[in-house]
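These are my notebook entries on a structure that I am reading for the first time. I set down what I looked up, entry by entry.

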Amino acid sequence: MSGSSSPAAPRRFGAFSYAPFRRFWLAALCRVFGLQFRFIGVGWLVVSDEGLGLSPIWLGIVGLAAALPPIALSVPAGIVADRYEHRGILAWSQGLTAALSLLLAFGILEHLVNVWLLIAWAVTVGCLTAISVPAQSAILPRLIQPASMPSAVALISTIWNTMR
């Protein structure tokens, strides 16, 4: 029976054997790639002379403004992820994040951005991140069979570790 294939048996290519996971993984790769550019871009905007030209302490304040909402909202966001449809949560949270990023880009091009607007943007994007992270974690078991879960977790972790 070792040669037979059952639905619960791990597949040859692990989680990549499932088309929904492959799409999810590719979307996660693009999202994390964009996130890394966002970190660099916001930092550059805060401290460079071409941007706001502020002291490095403001870089920490903006970073803290983005980091506190996911910490503070992790439990309520988990409850939301458990009660509502994950794809919908991901679609609107990522869509709003993209829209806010485009608004920030427009504000930068038009020289409308100041540090307080940037902090408000960081808090808002941090809140959206808090909402999307539990939904991303909860959707994973729906994309693959349980036997492929270790492969899926390793592949998602690989994205984060290679993008650093």
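**Entry: R23.** I began by asking whether R23 is buried or exposed. The model is a predicted one, and in it R23 has a relative accessibility of 57%. I therefore enter R23 as exposed, the cut-off being over 50%. I located R23 in helix 1. I then looked up its distance from L143: the two are 120 residues apart in sequence, yet their C-alpha atoms lie 9.8 Å apart in space.

**Entry: helix 1.** I next followed the helix that holds R23. Helix 1 runs over residues 19–47, which is 29 residues. From its first C-alpha to its last I noted 43 Å, close to the 42 Å expected at 1.5 Å a residue. I listed its buried residues as F21, F24, W25, A28, V32, L35, Q36, V42, G43, L45 and V46. Against which helices do the buried residues of helix 1 pack? I found helix 2 (56–72), helix 4 (86–109), helix 5 and helix 6 (149–162).

**Entry: G53.** I moved on to the loop between helix 1 and helix 2, where G53 has its place. Its relative accessibility is 39%, so I recorded G53 as partly exposed. Leaving aside neighbours within four places in sequence, I found G53 in contact with L45, V46, V47 and S48. Two of these partners, L45 and V46, I had already entered among the buried residues of helix 1.

**Entry: helix 3.** I then examined helix 3, residues 74–83, and found A77, G78 and A81 buried. They cover an arc of only 105° around the axis, and I therefore place them on the same side of helix 3. I recalled the general rule that an α-helix has 3.6 residues a turn, so residues three or four places apart point the same way. On the other side of helix 3, I noted V75, D82 and R83 as exposed. The buried residues of helix 3 pack against helix 4 and helix 5.

**Entry: S132 and Q136.** I turned to helix 5, residues 115–143, in which S132 lies. At 2% relative accessibility, S132 falls under the 20% cut-off, so I entered S132 as buried. Leaving aside neighbours within four places in sequence, its contacts are L90, S93 and Q94. Q136 is found in helix 5 as well. With a relative accessible area of 16%, Q136 is also buried. Which residues does Q136 contact, leaving aside its neighbours within four places in sequence? I listed F24, R31, L90 and Q94. L90 and Q94 thus appear in the contacts of both S132 and Q136.

**Entry: the whole chain.** Finally I looked up the values for the chain as a whole. I counted six helices and zero strands, in the order α-α-α-α-α-α along the sequence. The C-alpha trace spans about 65 × 30 × 25 Å along its principal axes. Of the 164 residues, 32% are buried. Among contacts with a separation of 6 or more, I noted that 76% join residues 24 or more positions apart. The accessible surface comes to about 10200 Å², and carbon and sulfur atoms hold 70% of this surface. I recorded 10 positive and 5 negative side chains, with the centres of the two sets 22 Å apart.

Notes:
Residues are numbered from 1 along each chain as its sequence is written. This is a predicted model: local features need pLDDT of at least 70, side-chain atom pairs count only at pLDDT 80 or more; totals for chains, interfaces and linings use all residues. Side-chain values use heavy atoms; hydrogens and water are left out. Helices (H or I, at least four residues) and strands (E, at least two) are DSSP runs, numbered from the N terminus. Buried means under 20% relative accessible area, exposed over 50%, partly exposed in between (1.4 Å probe, protein chains only). Contact means heavy atoms within 4.5 Å. Accessible areas come from the Shrake-Rupley method with a 1.4 Å probe; for residues, only the protein chains shown count as cover. Lys and Arg count as positive and Asp and Glu as negative; His and the chain ends are not counted. The place of a charge is taken as NZ of Lys, CZ of Arg, CG of Asp or CD of Glu. The expected span of a helix is 1.5 Å times one less than its number of residues. The arc is that of the directions from the helix axis to the C-beta atoms.
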